[in-house]
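Trainee: Got a minute to go through this one with me?
Mentor: Yes, put it up.

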Amino acid sequence: MKLKEFESKQVISSAGIPISRGILIKDLNDIPEFSEEKILKVQTLSGGRGKAGGILPVQNQEQTKHLVGQFLGNTFLNEQISEILLDEKINIENELYLGMMFDTTTRKPVLIFSEEGGVDIEEVKNIKKIEIDY
């Protein structure tokens, strides 16, 4: 199962893990007024959205409306975009990567962890994989 970021944040939050506060935008009218820098994140199932220009800092409502108008309803990374996350900007002390996948060969879930962040995670050499025997 693949999840968009806002969907995975809902799952993580329901487990009691703190997450950044964001607003899901499906329409230009969903954009609130704000004065502190936020991060605009195009919601897609594809990887590499940051390098492709789908994660951008925004300073105000006007700039956000302009960018959201460019993405909503248009194709980005071969997907039609219907949601954008307007997220709070947080200072990152240490970025880790945690993921879960299903190994079709062993037919078991696998937890994937790295002490390096998620950008270009496919190229990281020190990834720990833990097979979950359920």
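Mentor: We can take the sheet, then the helices, then the rings.

Mentor: This is a predicted model, where local features need pLDDT of at least 70, side-chain atom pairs count only at pLDDT 80 or more, and totals for chains, interfaces and linings use all residues. Residues are numbered from 1 along each chain as its sequence is written, and side-chain values use heavy atoms, with hydrogens and water left out.

Trainee: What's the strand order in the sheet?
Mentor: The order is 1-6-2-3, in an open sheet of four strands with antiparallel pairing. Strands are DSSP runs of E, at least two residues, and helices are runs of H or I, at least four, numbered from the N terminus; two strands pair if DSSP finds at least two bridges between them.

Trainee: And which strands stand at the edges?
Mentor: Strand 1 (22–25) and strand 3 (55–58); each has a single partner strand, so one side of each lacks a neighbour in the sheet.

Trainee: How many bridges join strand 2 to strand 3?
Mentor: Four, with strand 2 covering residues 38–42. Ile39 has Pro57 of strand 3 as its bridge partner.

Trainee: Switching topic: which strands does helix 1 lie across?
Mentor: Helix 1 (residues 5–14) lies across strand 1, strand 2 and strand 6 (84–88). Contact means heavy atoms within 4.5 Å.

Trainee: How many aromatic pairs are there?
Mentor: A search of the whole structure finds one. The ring centres of Phe71 and Phe76 are 5.5 Å apart and the planes are at 90°, so the pair is edge-to-face. Rings of Phe, Tyr and Trp (its six-membered ring) pair with centres within 6.5 Å; planes under 30 degrees apart are stacked, over 60 edge-to-face, the rest tilted.

Trainee: Is Phe71 buried or exposed?
Mentor: Phe71 is buried, at 11% relative accessible area, and Phe76 is buried at 9%. Buried means under 20%, exposed over 50%, partly exposed in between (1.4 Å probe, protein chains only).

Notes
Axes are lines fitted to C-alpha atoms, for helices over the stretch in contact, and angles run from 0 to 180 degrees between N-to-C directions.
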